[in-house]
Amino acid sequence: MLKTFFSNWKRRIVQIVSLGLIGEWSFYGIFRCPFAVPYIGCGNCPVIQCPGRSLWLWSWILIGGSVLVFGRAFCGWICPGGLVSEILSMGSFFKNKLKQRVSAGLAYGKYFVLTLALYFFFLAQNPRWAIPIRTGDFFKSVGLTFEHADPIWIYKTLFVLAALGLGLAVPMFWCRFLCPTGGAIEILSRFSLFGFLKNARCSDCDQCRRRCHLETRPSEINCVQCGDCKETCKPNAIEWKSPLAPWLNPDTNFGSGQAPSADRTHFL
Ligand code: SF4
Ligand code: SF4
Ligand code: SF4
């Protein structure tokens, strides 16, 4: 299990560095952020210990830029929440058991939660729910927050924690089915310049899906561009390339003489 976890060691190193840089902000966002939609209202946040107050604007610019270039790679390489989900999912007992149709249907849950987040942000003006503010160090303040916060804050936080915890049963439950950030990135990543994509050599053997921690395949919903599955593909049908390649260079040879299947028809 550990061998598989560290097989793509470059990705693990990037994830660990990123955990050091933005991990604290991520955990403040879950356990201390008073806003209905965390990570966005940081400029006006009263929780002065949260590193997001100085990080949020540049982080969102960098995340947006990374999505346009590398698709959902932020999820696979940078997001500390994704790393935590992966660690929780190492021992999931319901691996590769969900029917593909069920899994693809549940994946639309991300867009439902995203719609809810957009409602709170734009129409309800991202309400700030009452939590204790000046409470000392992080762990003490988390305890006090759960004791005294608005019930609605507690329900929201318990919902997120329960969904993360469900990763112990169904791998990557939060990231695959509910995370609104993942949903927004997935929509934007339709326009990305590069990514791991399937080509016409794909024989539908599903080896990549069995290797994938999100139980998907390149070019399909929930692919986070980690590249972990590339070596498992015997026909060498997984390529790192631009989905725009066939249009930029109509002479591109995709091996079988057919139009590439490296499209995103199964994407949304
Ligand atoms: S789906 Fe959400 S929590 Fe998971 S890696 Fe992406 S942004 Fe992070
Ligand atoms: S392992 Fe390769 S051939 Fe098999 S389904 Fe995945 S991309 Fe297609
Ligand atoms: S399909 Fe491959 S590249 Fe995409 S998330 Fe799964 S293992 Fe990573």
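Here is a quick tour of the fold, the three ligand surroundings and the main packing contacts. Keep in mind that this is a predicted model. The chain has 268 residues, and 36% of them are buried. Its secondary structure comes to 13 helices and 2 strands. Among contacts with a separation of 6 or more, 72% link residues 24 or more positions apart.

**Around ligand 1**

- The residues here are Cys 75, Cys 79, Gly 81, Gly 82, Ser 85, Trp 174, Cys 175, Cys 179, Thr 181 and Gly 182.
- Three elements give two or more residues each to this shell: α5 (80-89), α10 (173-177) and α11 (180-188).
- Of the elements, α5 gives the most, with 3 residues.
- Sorted by class, you get 5 nonpolar and 5 polar residues, and no charged ones.

**Around ligands 2 and 3**

- Ligand 2 is surrounded by 14 residues, and the closest are Cys 202, Cys 205, Gln 207, Cys 208 and Cys 233.
- The ligand 2 shell splits into 7 nonpolar, 3 polar and 4 charged residues.
- Ligand 3 is surrounded by 16 residues, with Cys 212, Cys 223, Cys 226, Asp 228 and Cys 229 the closest.
- For ligand 3, the class breakdown is 9 nonpolar, 4 polar and 3 charged.

**Helix α5, up close**

- If you're looking at α5, most of it is covered, as 7 of its 10 residues are buried.
- The buried ones are Pro 80, Gly 81, Gly 82, Leu 83, Ser 85, Glu 86 and Ser 89.
- Gly 81, Gly 82 and Ser 85 turn up again in the shell around ligand 1.
- What do the buried residues of α5 pack against? They pack against α2, α4 (73-78), α9 (151-165) and α10.

**How α2 packs against its partners**

- Two packed helices are described by the angle between their axes and the distance between the axes.
- For α2 and α5, that angle is about 110° and the axes are 8 Å apart.
- The pair α2 and α5 is therefore roughly perpendicular.
- On the α2 side of this contact sit Gln 15, Ser 18, Leu 19, Ile 22, Gly 23 and Ser 26, which meet Pro 80, Gly 81 and Leu 83 in α5.
- By class, the α2 contact with α5 has 4 nonpolar and 5 polar residues, with no charged ones.
- Next up is α3: the axes of α2 (residues 9-31) and α3 (residues 52-70) come within 10 Å and cross at roughly 105°.
- That makes α2 and α3 roughly perpendicular to each other too.
- Here α2 brings Ile 22, Trp 25, Tyr 28 and Gly 29, while α3 brings Gly 52, Leu 55 and Ser 59.
- The α2 contact with α3 has 4 nonpolar and 3 polar residues, and again no charged ones.
- Ile 22 is worth picking out, as one of the α2 residues that touch α3 and also one of those that meet α5.

**The two strands**

- Strand β1 (residues 195-198) and strand β2 (residues 238-241) run antiparallel, joined by 4 bridges.
- Across the pair, Phe 196 of β1 stands opposite Trp 240 in β2.
- In a regular strand the side chains alternate between the two faces of the sheet.
- In β1, Gly 195 and Leu 197 point one way, and Phe 196 and Lys 198 point the other way.
- Are these β1 residues buried or exposed? All of them are buried, Lys 198 included.

**Two residues to click on**

- Leu 164 sits in helix α9.
- Leu 164 counts as buried because 20 other C-beta atoms lie within 10 Å, and the cut-off for buried is 20 or more.
- Setting aside neighbours within four places in sequence, Leu 164 is in contact with Val 84, Ser 85, Leu 88 and Trp 174.
- Ser 85 and Trp 174 are also among the residues around ligand 1.
- Leu 164 and Cys 175 are 11 residues apart in sequence, with their C-alpha atoms 8.2 Å apart.
- Ile 63 belongs to helix α3.
- Why is Ile 63 called partly exposed? Ile 63 has 17 C-beta neighbours inside 10 Å, and partly exposed covers counts between the cut-offs of 12 or fewer and 20 or more.
- From Ile 63 to Ile 185 is 122 residues in sequence but 8.8 Å in space, C-alpha to C-alpha.

Notes. Residues numbered from 1 in each chain as written. Chains lettered and ligands numbered in written order. Predicted model: local features only at pLDDT ≥ 70, side-chain atom pairs only at ≥ 80, totals over all residues. Near = placed C-beta within 6 Å. Nonpolar A, V, L, I, M, F, W, Y, C, P; charged D, E, K, R; others polar. Contact = placed C-beta atoms within 7 Å. Axes fitted to C-alpha atoms, helices over the stretch in contact; angles between N-to-C directions. Parallel < 35°, antiparallel > 145°, perpendicular 65-115°, else oblique. Pairing = 2+ DSSP bridges.
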